[in-house]
Amino acid sequence: PAVQSVALLLRTDGRPLNVRVELLQGPSSLKQVMEIYSEDGLERPFFSIIETPGYGNVVRIVNTAVLEFPLTADVQPYMIDQ
């Protein structure tokens, strides 16, 4: 089965959330990038549904905050093609 979309939840323990989310669709295509910032990742976490049609998709999450501001990322299949 192919995953058509994923649910993405990003949060922190109350510290600032500063993240770059990249969607890579195959080795020769351009990546799509989201820059995300929240003042308080516990009270205002980030949630999104990202479409990932076809095969070979990669969701890359990069914490662009300082090392002292860790984050929790939860990525789950949202829609699966049977």
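A residue is called buried here when its relative accessible area is under 20%, exposed when that area is over 50%, and partly exposed in between, with a 1.4 Å probe and protein chains only as cover. By that rule E22, with a relative accessible area of 2%, is buried, and I will come back to this residue after the overall picture.

What you have above is a predicted model, in which local features need pLDDT of at least 70 and side-chain atom pairs count only at pLDDT 80 or more, while totals for chains, interfaces and linings use all residues. Residues are numbered from 1 along each chain as its sequence is written, and side-chain values use heavy atoms, with hydrogens and water left out.

Let me start with the chain as a whole. Its secondary structure comes to zero helices and six strands, where helices (H or I, at least four residues) and strands (E, at least two) are DSSP runs numbered from the N terminus. Along its principal axes the C-alpha trace spans about 40 × 25 × 15 Å, and buried residues make up 26% of the 82 residues. The accessible surface, computed by the Shrake-Rupley method with a 1.4 Å probe and, for residues, with only the protein chains shown counted as cover, comes to about 5500 Å², of which 55% belongs to carbon and sulfur atoms. If we take contact to mean heavy atoms within 4.5 Å, then residues 24 or more positions apart account for 75% of the chain's contacts with a separation of 6 or more.

Now to the sheets. Two strands are said to pair if DSSP finds at least two bridges between them, and in general strands of a sheet pair through backbone hydrogen bonds, either parallel or antiparallel.

One open sheet has three strands in the order 4-1-6, with antiparallel pairing. Strand 4 and strand 6 stand at its edges with a single partner strand each, so one side of each is left without a neighbour in the sheet. The twist in this sheet averages 20° from one strand to the next, where the axes are lines fitted to C-alpha atoms (for helices over the stretch in contact) and angles run from 0 to 180 degrees between N-to-C directions. Strand 1, residues 2–11, pairs with strand 6 over nine bridges, and one of the bridge partners is D81 in strand 6, which faces A2 in that pairing.

The other sheet is also open, with three antiparallel strands in the order 3-2-5. Here strand 3 (32–38) and strand 5 (57–63) are at the edges, and each has a single partner strand, so one side of each is left without a neighbour in the sheet. Strand 2, residues 17–25, is joined to strand 3 by seven bridges; among the bridge partners are L23 with Q32 and N18 with Y37. These two strands form a hairpin with six residues between them, and G26 in the turn has a positive phi of about 90°.

Which residues link up around E22? A salt bridge here is a side-chain nitrogen of Lys or Arg within 4 Å of a carboxyl oxygen of Asp or Glu, and R20, E22, K31 and R60 are linked in a network of them. The closest N and O atoms of R20 and E22 are 2.8 Å apart, and the side chains of R60 and E22 meet at 3.0 Å, N to O. Because R60 lies in strand 5 and E22 in strand 2, that second pair ties together parts that are 38 residues apart in sequence. Unlike E22, which is buried, R20 is partly exposed at 23% and R60 is partly exposed at 39%. The count for the model comes to five salt bridges, another being R15 with D13 at 3.8 Å.

Finally, strand 4. E51 is found in this strand and, at 60% relative accessibility, counts as exposed; leaving aside its neighbours within four places in sequence, E51 is in contact with Q4, S5 and L23. I49 lies in strand 4 as well and is partly exposed at 36%. Together with F47, Y78 and M79, I49 makes a nonpolar surface patch of about 440 Å². Patches are made of residues with over 30% relative accessible area and no salt bridge, with like charges joined within 9 Å and nonpolar side chains (Val, Leu, Ile, Met, Phe, Trp, Tyr) within 5 Å. Strand 4 (46–51) and strand 6 (72–81) each supply at least two residues of this patch.
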